[in-house]
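Please open the model in your viewer and keep the sequence panel beside it. We will go from stop to stop, with a selection to make at each one.

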Amino acid sequence: MKIAVIHGQSHKGSTYNLAKQLCDSLQGEVSEFFLPKDFDGVCRGCAACFEREDKCPDYEKLRPITEAMDAADVIILTSPVYVMHATGAMKSFLDHYGYRFMVHRPEEKMFSKQAVCIATAAGAGMGSTIKDMEDSTYFWGIPKTYKLGIAVQETRWEAVKPGIKRRIARKTKALARKIARRAGKIKPGIKTKAFFSMMAMMQKNGFNSADKEYWIAKGWTKGKRPWR
C-alpha cells in the first residue's frame, strides 16, 4: 500500500503524531511532505491551470507532491486548527488543485483511492478544519474520506495526557484496519456518481475548451466512467 501524507505544518506536533501512528499501523510505503517547507507557493489566481496545468507558475515545485498523490492508494491530509480552520499553508496548497475538481479536469486515478483528513486542537475547530481539506478530496473524486479530529487539550504533544494518547492509539489502529479492509475495493457512492454525471452533461457544451476536450477524450461525455 502506498501512502502520501501532506502535513499542513512543518513541525512535528500532535497532528503529525496522529498521522504517524496511522501510517505505522497501515505499514505501507510512505511519501511524506511538510508545508510550507516542501511547498511554499501561493496561488496567484492567474487561472493558467484551467487552460493547462503545467502553465501554473508553481507546477514544477508542486510536481513531486502531485506525483506522490497520484501514485498513492491512500492520501492523508493533516492540519492543526489555526483560527478555526486549516493552516494557510494547507489552503495555499489545495488552491493549486482547483483545475482537478470534477467541474474541470479530474484525475481518474482519484476515483479508486481512500483519503484521511486529520486535525487536532487544544480545544475546538476540528470539524471546520477537516472540512477545509475534505472539500478538496470530495471534488477530486476520491470515493471515501475518513475524518479524524481530536481535541488533545494541550499545545504540545509531550504534554498530552496518557488517557488521550491511548484513545488516539485505539482510533488510529481501528481506522487503519478499516482502510486495509477496503483497499482495492473502493468505488464512488451515489452522491459522487450523480455529481459526475451532471458534470458530464455540462461538459458536452462546456464553457472551457480545455475541460471539454479533456472530458471528450476520456469518453466521459458518452457514458464511460473512471471507476469502471
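The tour starts with the whole chain and then moves to single residues.

**Before you click**

This is a predicted model, in which local features need pLDDT of at least 70 and side-chain atom pairs count only at pLDDT 80 or more, while totals for chains, interfaces and linings use all residues. Residues are numbered from 1 along each chain as its sequence is written, and side-chain values use heavy atoms, with hydrogens and water left out.

**Stop 1: the whole chain**

Show the protein as a cartoon. You should find seven helices and five strands; these are DSSP runs, with helices (H or I) of at least four residues and strands (E) of at least two, numbered from the N terminus. Follow the chain from its start and the order reads β-α-β-α-β-α-β-α-β-α-α-α.

Now turn the model around. The C-alpha trace spans about 55 × 40 × 30 Å along its principal axes. The radius of gyration is 18 Å, which agrees with the value near 17 Å for a compact globule of 228 residues. That radius is taken over C-alpha atoms, and the globule rule is 2.2 Å times the number of residues to the power 0.38.

Switch to a surface view. The accessible surface comes to about 11200 Å², and 52% of it belongs to carbon and sulfur atoms; the areas come from the Shrake-Rupley method with a 1.4 Å probe, and for residues only the protein chains shown count as cover. Of the 228 residues, 48% count as buried. Buried means under 20% relative accessible area, exposed means over 50%, and partly exposed is in between (1.4 Å probe, protein chains only).

Among contacts (heavy atoms within 4.5 Å) between residues at least 6 apart in sequence, 78% join residues at least 24 apart.

**Stop 2: helix H3**

Select residues 88–95, which form helix H3. Met90, Ser92, Phe93 and Leu94 are buried here. Show what surrounds them: the cover includes strand S1 (2–7), helix H2 (59–71), strand S3 (74–80) and H4.

**Stop 3: aromatic rings**

Colour the Phe, Tyr and Trp side chains. The whole structure holds 16 aromatic pairs; rings (the six-membered one for Trp) pair if their centres lie within 6.5 Å, and planes under 30 degrees apart count as stacked, over 60 as edge-to-face and the rest as tilted.

Zoom in on Phe101 and Phe139. Their ring centres are 5.2 Å apart and their planes meet at 15°, so this pair is stacked. Phe101 sits in the loop between helix H3 (88–95) and strand S4 (114–121), and Phe139 in helix H4 (residues 126–140), so the pair ties together parts that are 38 residues apart in sequence. Phe139 also pairs edge-to-face with Tyr138, at 4.9 Å centre to centre and 75° between the planes.

Which of these three rings belong to buried residues? Tyr138 is buried, at 17% relative accessible area, whereas Phe101 is partly exposed at 22% and Phe139 is partly exposed at 26%.

Next, select Phe111, Phe196, Tyr214, Trp215, Trp220 and Trp227, which ring pairs link into a cluster.

**Stop 4: two buried residues**

Go to Ala72, in the loop between H2 and S3. Ala72 is buried, with 3% relative accessibility. Leaving out residues up to four places away in sequence, Ala72 touches Lys2, Ile3, Ala4 and Lys113. Draw a line between the C-alpha atoms of Ala72 and Lys113: they are separated by 7.6 Å, with these positions 41 residues apart along the chain.

Then pick Thr221, in the segment after helix H7 (209–218). Thr221 is buried at 11% relative accessible area. Neighbours within four places in sequence aside, Thr221 contacts Ala200, Gln203, Lys204, Trp215 and Ile216.

**Stop 5: backbone details**

Show the backbone as sticks. The peptide bond from Leu35 to Pro36 is cis, with omega near 5°, and Pro36 lies in the loop between strand S2 (29–34) and H2.

Val83, in the loop between S3 and H3, has a positive phi of about 40° although it is not a glycine. Val83 is exposed, at 77% relative accessibility. Finish at Gln153, in the loop between strand S5 (144–151) and helix H5 (162–182). Gln153 is not a glycine either, and its phi is positive, near 65°; at 46% relative accessibility, Gln153 is partly exposed.
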